[in-house]
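Reader: Got a minute to go through this one with me? I'd like the overall picture and then the odd spots.
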Amino acid sequence: MSWETSVWEDREALSRAAGAELAQVAAKAVEAHGRFDLALAGGSTPRRLYEILASEYRDQIDWGRTHLFWGDERYVPHSDPLSNCRMARKALIGPLGIAPANVHPMPTSFADPDEAARAYEQTLRAHFGDGMPQFDLVLLGMGPEGHTASLFPGSSALEEEKRWVLPVHVAAEPPLRLTLTLVVLNAAREVFFLVSGPDKGAIVRKILSLSPEETSPFPAARVRPQGRVIWFLDRAAQG
């Protein structure tokens, strides 16, 4: 694993840099194995990236061979303003007209969230076949306490070694969510962290100062795939 940092003046510049890099990853993936498997992040920071992809990269990325998944989802209907799926549909999927067969949202309609998590694991198995799912790229954000996806400090989900998707209760709104586990995140070919804002700076500095052997209470620091990890930061998040 190698950690790289890419520091930009503001969220706009950060998003444009991430878009250019994502387009290169997509092209390499399609050339290597005929498709681009991308796990999307939720939250506020990725929205501008999705808008840029939908406009400026409409013809530069092979969207017909791109499959979209999610790293986590709030357990609310997909029509809810808090839904990560809804945000991505408005900013990226709808404007591009991506085929429904290429869009794989986490289900949130099950009465039992654990059943929803198991159903999404079956979706991953159906798409990736035997063995561990290996995304070409996973997009992640980071919260001010160091959480990523919906893996929060102190969560028992951080210790999961077998399941790919879990329901979790978190100290945020809404509290019930689904998340990919570190088992899957750490199998990715590449990971991009998109981090902006001054409330992230202290933890960003702590994480980026870690050696590969050091452990950390911050979930974002435990995302350590074999491939490349790029931290796209604005000046405020760099601290």
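Author: Sure, we can start with the whole chain and then move to single residues and pairs. Keep in mind that this is a predicted model.

Reader: Fine. How many helices and strands does the chain have?
Author: There are seven helices and nine strands in the chain.

Reader: And what's the radius of gyration against the one for a compact globule?
Author: The chain has 16 Å, and a compact globule of 239 residues would be near 18 Å, so the two agree. The C-alpha trace spans about 40 × 40 × 35 Å along its principal axes.

Reader: What share of the residues is buried?
Author: Of the 239 residues, 55% count as buried. The accessible surface is about 10200 Å², and carbon and sulfur atoms make up 50% of that.

Reader: What share of the contacts comes from residues 24 or more positions apart?
Author: Taking contacts with a separation of 6 or more, 77% come from residues 24 or more positions apart.

Reader: Charges next. How far apart are the mean positions of the positive and negative ones?
Author: They are 2 Å apart, with 25 positive and 30 negative charges in the chain.

Reader: OK, on to the helices. Which residues of α2 are buried?
Author: In α2, residues 45-56, the buried ones are Thr45, Pro46, Leu49, Tyr50, Ile52, Leu53 and Ala54.

Reader: And what do those buried residues pack against?
Author: They pack against α1, β2 (36-40), α3 (84-96), β5 and β8.

Reader: Let me look at α1 then. Is serine 15 buried or exposed?
Author: Serine 15 sits in α1, residues 11-33. Its relative accessible area is 0%, so serine 15 counts as buried.

Reader: What does serine 15 touch, leaving out residues up to four places away in sequence?
Author: Serine 15 touches Thr45, Arg48, Leu49 and Ile52. Thr45, Leu49 and Ile52 are among the buried residues of α2.

Reader: Switching to aromatics. How many pairs are there?
Author: The count is six aromatic pairs. In one of them, phenylalanine 69 and phenylalanine 135 have ring centres 5.3 Å apart and planes at 70°, so that pair is edge-to-face.

Reader: Where do phenylalanine 69 and phenylalanine 135 lie?
Author: Phenylalanine 69 is in strand β3 (residues 66-70), and phenylalanine 135 is in the loop between α4 (113-128) and β5 (137-140), so the pair ties together parts 66 residues apart in sequence. Both phenylalanine 69 and phenylalanine 135 are buried.

Reader: What about phenylalanine 193 and tryptophan 231, are they stacked or edge-to-face?
Author: Their ring centres are 4.1 Å apart and the planes are at 10°, so phenylalanine 193 and tryptophan 231 are stacked. This pair links distant parts of the chain, with phenylalanine 193 in β8 (residues 190-195) and tryptophan 231 in β9 (residues 228-234), 38 residues apart. Both phenylalanine 193 and tryptophan 231 are buried.

Reader: Which residues form the aromatic cluster with Trp231?
Author: Trp3 and Phe193 form one aromatic cluster with Trp231.

Reader: Now the backbone oddities. Which residues does the cis peptide bond join?
Author: The cis bond joins glutamate 173 and proline 174, with omega about -10°. Proline 174 is in the loop between β6 (165-169) and β7 (176-180).

Reader: And what is the phi of alanine 149?
Author: Alanine 149 has a positive phi of about 50°, although it is not a glycine. For context, most residues other than glycine have a negative phi, and most peptide bonds are trans. Alanine 149 lies in the loop between β5 and β6. With a relative accessible area of 11%, alanine 149 is buried.

Reader: Two more alanines. Where is alanine 119, and what does it touch?
Author: Alanine 119 is in helix α4. Apart from residues up to four places away in sequence, alanine 119 touches Pro107 and Phe110. It is partly exposed, at a relative accessible area of 25%.

Reader: Last one: is alanine 111 buried or exposed?
Author: Alanine 111 counts as exposed, with a relative accessibility of 86%. You'll find alanine 111 in the loop between α3 and α4. From alanine 111 to alanine 54 it is 34 Å, C-alpha to C-alpha, and the two are 57 residues apart in sequence.

Conventions. Residues are numbered from 1 along each chain as its sequence is written. This is a predicted model: local features need pLDDT of at least 70, side-chain atom pairs count only at pLDDT 80 or more; totals for chains, interfaces and linings use all residues. Side-chain values use heavy atoms; hydrogens and water are left out. Helices (H or I, at least four residues) and strands (E, at least two) are DSSP runs, numbered from the N terminus. The radius of gyration is taken over C-alpha atoms; the globule rule is 2.2 Å times the number of residues to the power 0.38. Buried means under 20% relative accessible area, exposed over 50%, partly exposed in between (1.4 Å probe, protein chains only). Contact means heavy atoms within 4.5 Å. Accessible areas come from the Shrake-Rupley method with a 1.4 Å probe; for residues, only the protein chains shown count as cover. Lys and Arg count as positive and Asp and Glu as negative; His and the chain ends are not counted. The place of a charge is taken as NZ of Lys, CZ of Arg, CG of Asp or CD of Glu. Rings of Phe, Tyr and Trp (its six-membered ring) pair if their centres lie within 6.5 Å; planes under 30 degrees apart count as stacked, over 60 as edge-to-face and the rest as tilted.
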